[in-house]
Amino acid sequence: MTSEMIIRPIAGPSEIESCARMMAASEPWVTLQRDYAALLRNLSSPEREIHVAVRGDEVLGFIGLNLHGGFVGYVQSICVAPQWRSRAVGRKLVAFAEERVFREHPNLFICVSSFNVDAQRFYRNLGYEVVGELKNFLVDGHSEILLRKTIGSLTEFRKKRTPV
Ligand SMILES: CC(C)(COP(=O)(O)OP(=O)(O)OC[C@H]1O[C@@H](n2cnc3c(N)ncnc32)[C@H](O)[C@@H]1OP(=O)(O)O)[C@@H](O)C(=O)NCCC(=O)NCCS
């Protein structure tokens, strides 16, 4: 396979199933007790906007965004296939999400589990700051740590988008 990796919108049910399988077999979702059926339901929600990193027919990883609700600009899930980790796929998915979200919203939020120290380092390196800790949020005994990267306050962002 000589083709380059590209990031594009998820194509349909079989890619959604392959992303749900990837998550169900991986931490942190194993510890968080999110099984395939729950993950598939979650990824199939019309509120999700999912982008996949692919090389040819192979899905290397994906990022799921939620651009609705109170804290707009939320990374709902990001997962890279185990054999593709530490090869900059995740970094490129986050950069893609930032480019996408920061056109319309000044914040990107992500929750990371307290036991997922590799992902915490990954986000810290990409400039994400800890906002707070949600104790016993998804499962007892573990926290979700809310992270944020911002390009400015909502007021200043709106002024720049709609100059008077
Ligand atoms: C967390 C995750 C999304 C990061 O994606 P990734 O593709 O592995 O990350 P990257 O390769 O972009 O960067 C990770 C590390 O690899 C290093 N790296 C980047 N390019 C590299 C390359 N070409 N060769 C080797 N290492 C490289 C980076 O410097 C980074 O170093 P760090 O460990 O000090 O942070 C991925 O590991 C994953 O899916 N983990 C399991 C699921 C998960 O935890 N998701 C997050 C839930 S909140």
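Student: Which element gives the most to the shell around the ligand?
Tutor: In this predicted model, helix H4 gives the most to that shell, contributing four residues.

Student: And how many residues surround the ligand, and which are the closest?
Tutor: The ligand is surrounded by 18 residues, and the closest of these are Val80, Arg85, Ala88, Gly90 and Arg91. The elements that supply two or more residues to the shell are strand S4 (74–80), helix H3 (89–101) and helix H4 (117–125).

Student: What does the shell look like by class?
Tutor: Sorted by class, the shell around the ligand holds nine nonpolar residues, five polar ones and four charged ones.

Student: Let's step back to the fold; how many helices and strands does the protein have?
Tutor: There are five helices and seven strands in the protein, and along the sequence they follow the pattern β-α-α-β-β-β-α-β-α-β-β-α. The radius of gyration is 16 Å, close to the 15 Å that the globule rule gives for 164 residues, so the protein is as compact as a globular protein of that length.

Student: What box do the C-alpha atoms fill, and what percentage of the residues is buried?
Tutor: Taken along the principal axes, the C-alpha atoms fill a box of roughly 50 × 40 × 30 Å, and buried residues make up 27% of the 164 residues. Among the contacts with a separation of 6 or more, 56% come from residues 24 or more positions apart.

Student: Now the sheet: in what order do the strands come, and is it open or closed?
Tutor: The seven strands form an open sheet with mixed pairing, in the order S1-S2-S3-S4-S5-S7-S6. At the edges are strand S1 (6–9) and strand S6 (129–134), each of which pairs on one side only. Ignoring direction, neighbouring strands of this sheet are turned by 30° against each other on average.

Student: Which helix packs on that sheet, and what does it touch?
Tutor: Helix H3 packs on the sheet, where it touches S1, S2, S3, S4 and strand S5 (107–113), and the direction of H3 makes about 35° with that of S3. H3 is also one of the elements that give two or more residues to the shell around the ligand.

Student: How do S2 and S3 pair, parallel or antiparallel?
Tutor: Strand S2 (residues 48–55) and strand S3 (residues 58–66) are antiparallel and pair over eight bridges. Among the bridge partners, His51 is matched with Ile63 in S3, and Arg48 is matched with Asn66 in S3.

Student: And how many bridges join S1 to S2?
Tutor: Four bridges join S1 to S2, and these two strands run antiparallel. Pro9 has His51 in S2 as its bridge partner, while His51 also has Ile63 in S3 as a bridge partner.

Student: What about Gly56, where is it found?
Tutor: Gly56 is in the loop between S2 and S3, a hairpin with two residues between the strands, and there Gly56 takes a positive phi near 60°.

Student: Why does Gly56 count as exposed?
Tutor: Gly56 counts as exposed because it has 10 C-beta neighbours inside 10 Å, and the cut-off for exposed is 12 or fewer. Its C-alpha atom is separated by 18 Å from that of Pro82, which is 26 residues apart from Gly56 along the chain.

Student: Last one, then: where is Thr162, and is it buried or exposed?
Tutor: Thr162 lies in the segment after helix H5 (154–161), and Thr162 counts as exposed because it has 7 C-beta neighbours inside 10 Å. Thr162 and Val117 are 45 residues apart in sequence, and their C-alpha atoms are 40 Å apart in space.

Conventions: Residues numbered from 1 in each chain as written. Predicted model: local features only at pLDDT ≥ 70, side-chain atom pairs only at ≥ 80, totals over all residues. Near = placed C-beta within 6 Å. Nonpolar A, V, L, I, M, F, W, Y, C, P; charged D, E, K, R; others polar. Buried ≥ 20, exposed ≤ 12 C-beta atoms within 10 Å, placed from the backbone. Rg over C-alpha atoms; globule rule 2.2 N^0.38 Å. Contact = placed C-beta atoms within 7 Å. Pairing = 2+ DSSP bridges. Axes fitted to C-alpha atoms, helices over the stretch in contact; angles between N-to-C directions.
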